[in-house]
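Okay, thanks for squeezing me in. I'll put the structure up and then walk you through a few bits of it.

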Amino acid sequence: MMMNDALEIDCLVIGAGPAGSITAREVARGGWKVLMVEKRPEIGVPVRCGEGISKELLDLIGLERAPSFVSAEMDGAKIISPGGTVLTLGPEIAGPEVGFVIEREMFDQELAKMAARAGAEIWMRAEAISYEDVGDHVVVKIKILSETFTVRARVVVAADGFESLVARWAGIETKIGPRDIDTCIQYEMVGIETDDRFTEFFVGRKYVPGGYIWCFPKGHGIANLGLGMNASMVKEPGEPRSYLDDFIRKNPRFSKGKITEINGGGVSVSLPLEETVADHLVIVGDAARMIDPLTGGGVYNACYAALQAGKTICEALEKDDTSKASLGPYERRWRDRLEMEMVRNYLAKEKLLEVSDETLEKVLSAIAEYDMKEISTEELLKALASKYPEVLKELAGLM
Ligand SMILES: Cc1cc2nc3c(=O)[nH]c(=O)nc-3n(C[C@H](O)[C@H](O)[C@H](O)COP(=O)(O)OP(=O)(O)OC[C@H]3O[C@@H](n4cnc5c(N)ncnc54)[C@H](O)[C@@H]3O)c2cc1C
């Protein structure tokens, strides 16, 4: 595939994060001509991620665990209440961010290499700057340094992340309010005391209103220490960072550590986009707001949806029909697996924004008394009802 000013391809993938690379790999494996464009000079850099993923994810995408991108293996997660109660969760219920702590840039680069090996072309420092549906295909302008190239694609994949513009260019409603965004700030720290087999989550207003602080250990006294705060609760710029600094200062486990990296960014804690396909367009990953609204984790969902996108695009190209109707099965395929959980976690997030530290303390301490592997939700609710009936009333919607 040569760069020229009217390149014709089957599939253009915009963005080389996990969503883009997995989709590109799947479509290329189907034997189609795929181009993936990435505006950054290096895939995955700078990292904007706590770097926690589930073990299941590697099986899902067919990637073998390798020391180049896995820093540490976790046995589970610990939730720490405002009063210091610790709730220990095994990996099976700790969620899709618990399993391995990775080097995200190396992980993203592995995925891009898989796409390249499958036959996808990759252009770096290549930014999609415009999008025009011209009937039976889409025309996208790609800027590389001072040059602009025209690409004609039968189908385009918007895998351009949280700040996605492509879906909007295609006329899809992508507005999002501050209550559906978490503002995140994260330090990589060295010389701190970590629990090397568990990721830790500090929850409650005492630490940060409308969010939580995480500590994802990488071994050797190194960890990602980060904070997510609901944007509707941020009163002035810099507030999330001052909560994180305050937490570190007051905690002797972390206060002597040194910061070796600062990163951050926004994550959607919303419901997914109502429409994730249009004529000649599929939207995948953060661009489709597929992040889990409770945990803020999005790599698993992005990869799961990308597999469904790849499969659907191959079928549509085979039929020589990339209309919205032909790409429609993608909606059902990813929603069948992910949507209910996203809705449930969205409602939980909404409820938790209102819950006081006192209530949270009671709930976590009641749950901490049980072995989470053995107790059912029903038994748990009964236990809560007998111990703290007022709490159950307050949390009615959430339960
Ligand atoms: C602070 C923070 C911590 C997080 N922690 C976790 C965690 O621990 N676990 C977890 O599972 N998830 C976590 N997430 C979420 C996770 O990072 C995302 O869900 C994941 O990156 C989604 O992948 P994606 O491919 O959809 O988007 P991205 O990884 O954002 O990739 C999008 C790519 O598109 C490129 N791009 C954008 N516009 C254009 C354009 N016009 N032309 C060309 N390229 C373009 C971008 O440069 C980028 O490389 C965290 C997010 C943040 C911000």
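**Domains, ligand shell and a helix pair**

So, the C-alpha centres of domain 1 and domain 2 lie 27 Å apart. Before I go on: this is a predicted model, so local features need pLDDT of at least 70 and side-chain atom pairs count only at pLDDT 80 or more, while totals for chains, interfaces and linings use all residues. Residues are numbered from 1 along each chain as its sequence is written.

The domain assignment splits the protein chain into domain 1 (7-47 + 106-176 + 271-349), domain 2 (52-102 + 177-268) and domain 3 (351-394); bounds like these come from an automatic or database domain assignment. Where domains 1 and 2 touch, 19 residues come from domain 1 and 23 residues from domain 2, with contact meaning that C-beta atoms, placed from the backbone, lie within 7 Å. On the domain 1 side, H4 and H7 are the elements that give two or more residues, and H7 has the largest share, four residues. Helices here are DSSP runs of H or I, at least four residues, and strands are runs of E, at least two, numbered from the N terminus. By class, that side has 12 nonpolar, four polar and three charged residues. For the classes, Ala, Val, Leu, Ile, Met, Phe, Trp, Tyr, Cys and Pro are nonpolar, Asp, Glu, Lys and Arg are charged, and the others, Gly among them, are polar.

Now, where does the ligand lie relative to domain 1 and domain 2? Both domains give residues to the shell around the ligand, so it lies between them. That shell has 39 residues, the closest being Gly15, Gly17, Gly161, Gly285 and Gly298; the cut-off is a C-beta atom, placed from the backbone, within 6 Å. Elements giving two or more residues include H1, strand S9 (126-133) and helix H7 (299-319). The split is 16 nonpolar, 14 polar and nine charged.

On to H1 (residues 18-29) and H4 (residues 104-117): they pack at an angle of about 20°, axes 8 Å apart. Axes are lines fitted to C-alpha atoms, for helices over the stretch in contact, and angles run from 0 to 180 degrees between N-to-C directions. The pair is therefore roughly parallel, the label for angles under 35 degrees. Among the contact residues are Pro18 and Ile22 of H1, and Leu111 and Met114 of H4.

Last, some backbone oddities. A cis peptide bond, omega about 0°, joins Val45 and Pro46, and Pro46 is in the loop between strand S2 (34-37) and S3. Glu51 also lies in the loop between S2 and S3, with a positive phi near 70° in a residue other than glycine.

Technical notes: Angles under 35 degrees count as roughly parallel, over 145 as roughly antiparallel, 65 to 115 as roughly perpendicular and the rest as oblique. Two residues are in contact if their C-beta atoms, placed from the backbone, lie within 7 Å.
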